Amino acid sequence: MAYLEFRNIQLKYDQRLIFSGFNLAIERQEKVLFCAPSGRGKTSLVKMLLGFVIPDVGEISVAGVTLSGATVNQIRSKITYVSQDADLPKGRVSDVFADVFKYQVNRHLSYHEAVLSEWLTTMALPPDTLERDVDALSGGERQRLALILGILLDRDIWILDEITTGLDLELKTKIVELLLGYDKTILVVSHDEIYQNRGLREVNW
């Protein structure tokens with residue numbers, strides 16, 4: 001059995017058929033690039049994995065557990081989802097990060113603000129970012145903070161949804177090389193050519 005499986009998925013939006021009989025198996029620590037054309041449901045597919053979009057027909061499983069109302073929180077605890085919208089909680093950055101690691105699901109992790117400070121340098125963010133309010137940051141700054149948070153949460157599955165949007169070539173090359181170097185199951189939604197020839201399995205439909 002594959003680590004992640006979509007089996008016989010069917011999904012309609014406003015009577016428009018997005019998926020019909022869709023099947024996909026992904027192995028543990030595999031890197032996959034969803035590169036279907038716009039409007040074909042790439043983001044809907046990864047949101048199905050999180051239980052935010054419910055297919056009309058079909059079944060999804062993660063590590064042998066079938067996604068359902070009873071298991072959705074168990075499955076979400078294995079997944080980090082980072083999108084170009086970077087929907088971070090409101091508040092001062094240092095407080096936001098500290099609060100996230102107080103959640104029950106994250107309490108087993110060791111978190112120190114000094115580690116976050118080091119990551120700010122890696123992600124080309126100024127040192128005073130810790131003291132700034134999330135709402136005062138640019139979209140690109142919030143995006144990079146969301147990536148840092150995703151790395152620190154150390155979950156088995158990373159979903160990266162158009163995360164290179166708005167970044168310059170040097171920075172996005174650095175970030176993509178960094179992320180793909182981790183031994184995680186990584187699902188990438190993007191049209192960015194930066195992912196080409198990096199060993200990802202391309203999935204189109």
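## Two helices and a pocket

In this predicted model, helix α4 passes helix α5 in a right-handed crossing. The two exercises below look first at that pair of helices and then at the largest pocket.

**Exercise 1.** Work out at what angle α4 and α5 pack, and which residues of α4 meet which residues of α5.

*Solution.* Begin by locating the two elements: α4 covers residues 113-122, while α5 covers residues 139-153. Next take their geometry, in which the helices pack at an angle of about 130° and their axes lie 11 Å apart. Angles over 145 degrees count as roughly antiparallel and those of 65 to 115 as roughly perpendicular, and the rest that are not under 35 count as oblique, so α4 is oblique to α5. Then turn to the side of each helix that takes part: Val 115, Leu 116, Trp 119 and Leu 120 in α4 meet Leu 145, Ile 148, Ile 151 and Leu 152 in α5. Finally, sort the residues of this contact by kind, which gives eight nonpolar, no polar and no charged.

**Exercise 2.** Describe the largest pocket by its volume, by the residues nearest its centre and by the element that gives the most to its lining.

*Solution.* Start with the volume, which is about 810 Å³. The lining consists of 29 residues, and those nearest the centre of the pocket are Thr 80, Tyr 81, Val 82, Asp 87 and Arg 155. Now ask where the lining comes from: α1 (42-49), α2 (72-76), β6 (79-83) and α5 each supply at least two residues, and β6 gives the most, with five. As a last step, divide the lining by kind, which yields 14 nonpolar, eight polar and seven charged residues.

Terms used
Residues numbered from 1 in each chain as written. Predicted model: local features only at pLDDT ≥ 70, side-chain atom pairs only at ≥ 80, totals over all residues. Heavy atoms only, no water. Axes fitted to C-alpha atoms, helices over the stretch in contact; angles between N-to-C directions. Helix = DSSP H or I, 4+ residues; strand = E, 2+ residues; numbered from the N terminus. Left-handed = near helix turned anticlockwise from the far one by under 90°. Contact = heavy atoms within 4.5 Å. Nonpolar A, V, L, I, M, F, W, Y, C, P; charged D, E, K, R; others polar. 1 Å grid on protein atoms, 1.4 Å probe; cavity = no way out; pocket = protein on both sides within 12 Å on 5 of 7 lines; lining within 4 Å. Points joined across faces, edges and corners; volume = space filled by probe spheres on them.
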